[in-house]
Amino acid sequence: MKKKFWGILLSTALLLTSLDGFSAIGSQASSTTQEAQESPASYPTGDCLKLTCLGSLEEDETQSLYSTGSLGLYNSGESSSLPSYIADGGGDYGYQQLTSKEQNAYNKLLKSAQKIACSGEDVSPNDSGYYVGASATLVEKEIDQSLSSIDQVYEVVCAFSNDHPEFYWLDVSFYYGGSSSKITNIGVIMDSAYASGSVRQAYYEEISDSLDQYKAACQGASSDYEKVRIVHDLLVSQIDYAYTDSSNTTPESELWAHSILGAMSDDYKRGVCQCYAETMTYVLNVLGIPNVYTAGTASGGSHAWNLVSFDGSSTYSCMDVTWDDIGAKHPTEVTTYTYFALKSSKFIQTHQADTSDQSGADWLYDLPTLNDTDDYSYYTVYSAAANSSNVNSPSSAIEFLDQAVYKACAPNNRLHLIIEDDTVYDYLNRACLSFSGCYYFTDNTLPFEGYTCYAIWDKTAYTPSSTPSPTPATTATASPTATTAATASPSPTSQVIDISSGLPKASAAATSTTNSLVAQTTSPSSSPVTSTDTSGLTSYLPVGTSFRQGWTTYTVTGQDTVTYKKFNKKTGTKIVIPSVVGYGGKTYRITAIGKKAFSKCKKLKKITIGSNVTTIEAKAFYKRKKLSIIKIKSKKIKKIGKKAFYQIKKKAKFYLPSSKKKVYKKLLKKSGVRKV
């Protein structure tokens, strides 16, 4: 989302002239130390597309409508043939809340949509001019599974749509056949922009590529919690909130901005709340992490968000990724974690979910048990809460920052803290003058009890005084309810979170000074090529270190960058080089493809090059004679080494970013490619 108060490392003049309502705070406040009121009133809302019933069809139109669904249904034995980006992208939480007849209708819609998703066939309009993307016939061969009210159809379509973000081409409207008291047919409308089978498949290829990036980023993550944080950060860093006007007041109404397409297609990389929430649901479904897509109102307008479980579906934490995206207007994409697993009693002060007592477009299934604890808050888990018990002197501020800088995992080297008051902030500001600012929560919406503001600044500008131990001193936020910040160590009955399992557990003895809220990294299936100790706290690997993920060897080239050094499998045919790779709880940008990186891969036919690559080194794809499709997504390539694509298939096709075609053709020809 976009907010007017943001100022990241800008000059004093720029801050004071462009950001209203800022003023310096703290006795040592510098020109970069600013404040602003953070209020949910400034967050985007009222942007959801609501389900719409288009009415019933005349008898002669009904057959025409459902004939477009005659592409056939998947038999139960064929489900294994579905591509993973379709088969794994759906959930079943909404389905489980329906009656048996409603589940029958849901299943038929699902099979119909799967068939259309997998086919390359075009969908034609019916007599009324509508395109149908999913259909269900409820009365067949004397078996009557008809529904008895329009409200039941709303429930079926709502549950189906919320469970299955993979069908990005489905609109929010539907028809029904029969009478209002006996529904015999249902048809969910497809947006006409996706009626072409080739168009749908082209977008699915992009979605699949984008999904691979999320999977790669989560490789080596120590827990579901860490995976969710990585997905949250990657989503926020890749897309902006979508407005139709330059003044950023009117949310985009086109369907792409309300679906996973807005986030996962290179054509857009923008979306509204439904896009953020559906993409979160889609990726977490694929990763097998329990979650529930949720819709309702926030600050008085329609809105969508997520519920995510870190304890095996016993309880769920509230999460609003849209409201955590605040960097879209500014030079550096950043995120906050205010609404990352915020305790439910605070979350519902601004967010009210629809309920099963409502009807029509406002109906929503019953929600699971919500967490009303700060245990799963980012600031608790990463010991990023500064208060008078852990920051009360210049030396304690340095000690606190040493630990926080070591553990915090925010993207773009940003460190996020919540701060008790101006006195605590002043100590921190003395220890690190590179703070970008201190941003105050409004009194009536304080999300974290005992804390008045948060701060974000560049981690690279702070040099720790020493390397923290794997078990740093406990911060006050280790208590399960975190209602105050007064206790320096957990009591015998308090709980802390073991991130390796994602479950709360009893703390050690009351005298313990260790912090179990630290992310414990487990060794990935493929061990590093060079010896690297990743036990205890996670940190970026030293430059020059190599590690393996799957069949690929990577070499660290910078604090968060790696070279795709070598693909170690001979039989790979279609390979995607993602934009990022995860290892040891950290995310690395893949910025280069190494020399002779694919020398073992003699069967390679298609390569997709991720969006962060700047260099393709010499002979990277040398003599890969079956390589016929090269898709380059990066717009940052500055160098292509000699013979990088020498003696690949003669009629190989290069798919290049339109804005870079001229430049890339020159680079390719200079490297030895005869025809592009």
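The paragraphs below lead through this predicted model, from its overall make-up to its helices, cores, strands and a few single residues.

The protein has 676 residues, and buried residues make up 57% of them. Its secondary structure comes to 16 helices and 31 strands. If we look at the contacts between residues at least 6 apart in sequence, we find that 66% of them join residues at least 24 apart, and it is worth keeping this figure in mind when residues with quite distant numbers turn up together in what follows.

Two helices make a good starting point. Helix H10 covers residues 273-287, and because its 15 residues should span 21 Å at 1.5 Å a residue, the 21 Å found between its end C-alpha atoms agrees with that expectation. Of these 15 residues, 14 are buried, so H10 is largely enclosed by the rest of the structure. Just after the helix comes glycine 288, which has a positive phi near 75 degrees. Helix H6, made of residues 150-163, can be checked in the same manner: its 14 residues should span 20 Å at 1.5 Å a residue, and its end C-alpha atoms are indeed 20 Å apart. This helix, too, is largely enclosed by the rest of the structure, because 11 of its 14 residues are buried. Among the buried residues of H6 are Val153, Tyr154, Val156, Val157 and Phe160, and the list also includes Gln152, Glu155, Asn162 and Asp163.

From the helices we can move to the nonpolar interior. The largest nonpolar core holds 135 residues, and the members that touch the most others in it are Phe167, Trp169, Leu417 and Leu428. Helix H10 supplies the largest share of this core, namely 9 residues. A second core, separate from the one just described, has 39 residues, including Leu541, Ala620, Ile640 and Ile648. To see what surrounds one member of the largest core, consider leucine 417, which, when residues up to four places away in sequence are left aside, touches Tyr379, Ala384, Phe400, Leu401, Ala404, Leu428, Cys453, Tyr454, Ala455 and Trp457. One of these neighbours, cysteine 453, counts as buried because its relative accessible area is 0%, under the 20% limit. Cysteine 601 is likewise buried, with a relative accessible area of 0%. A search of the whole structure for disulfides finds 0 of them.

The strands deserve a closer look next. Strands of a sheet pair through backbone hydrogen bonds, and they may do so in a parallel or an antiparallel way. The parallel case can be seen in an open sheet of 4 strands, whose order is E24-E27-E29-E31. At its edges lie strand E24 (574-577) and strand E31 (653-655), each of which pairs on one side only. From one strand to the next, the twist averages 10 degrees. Strand E24 is joined to strand E27 (residues 606-609) by 4 bridges, and isoleucine 575 stands opposite isoleucine 607 of E27. The antiparallel case is shown by strand E3 (residues 131-137), which 6 bridges join to strand E7 (residues 182-190). Serine 135 has glycine 187 of E7 as its bridge partner. Strand E3 is mostly covered, with 5 of its 7 residues buried.

Several residues in loops complete the picture. Phenylalanine 310 lies in the loop between strand E11 (301-308) and strand E12 (317-319), and it counts as buried because its relative accessibility is 5%. Although phenylalanine 310 and alanine 341 are 31 residues apart along the chain, their C-alpha atoms are separated by 9.9 Å. Isoleucine 348, in the loop between helix H12 (344-347) and strand E14 (351-353), is partly exposed, because its relative accessibility is 48%. Its C-alpha atom is separated by 9.1 Å from that of cysteine 318, which is 30 residues away along the chain.

Two further loop residues have a positive phi without being glycine. Lysine 269 has a phi near 55 degrees and is found between helix H9 (260-264) and strand E9 (270-271), where it is partly exposed with a relative accessible area of 21%. Glutamine 647 has a phi of about 60 degrees and sits in the loop between strand E30 (639-640) and E31; at 34% relative accessibility, glutamine 647 is also partly exposed.

How values were computed. Residues are numbered from 1 along each chain as its sequence is written. This is a predicted model: local features need pLDDT of at least 70, side-chain atom pairs count only at pLDDT 80 or more; totals for chains, interfaces and linings use all residues. Side-chain values use heavy atoms; hydrogens and water are left out. Two strands pair if DSSP finds at least two bridges between them. Helices (H or I, at least four residues) and strands (E, at least two) are DSSP runs, numbered from the N terminus. Axes are lines fitted to C-alpha atoms, for helices over the stretch in contact, and angles run from 0 to 180 degrees between N-to-C directions. Buried means under 20% relative accessible area, exposed over 50%, partly exposed in between (1.4 Å probe, protein chains only). A disulfide is a pair of cysteine sulfur atoms within 2.5 Å. The expected span of a helix is 1.5 Å times one less than its number of residues. A nonpolar core is a set of buried Ala, Val, Leu, Ile, Met, Phe, Trp, Tyr and Cys residues joined through side-chain atoms within 4.5 Å. Contact means heavy atoms within 4.5 Å.
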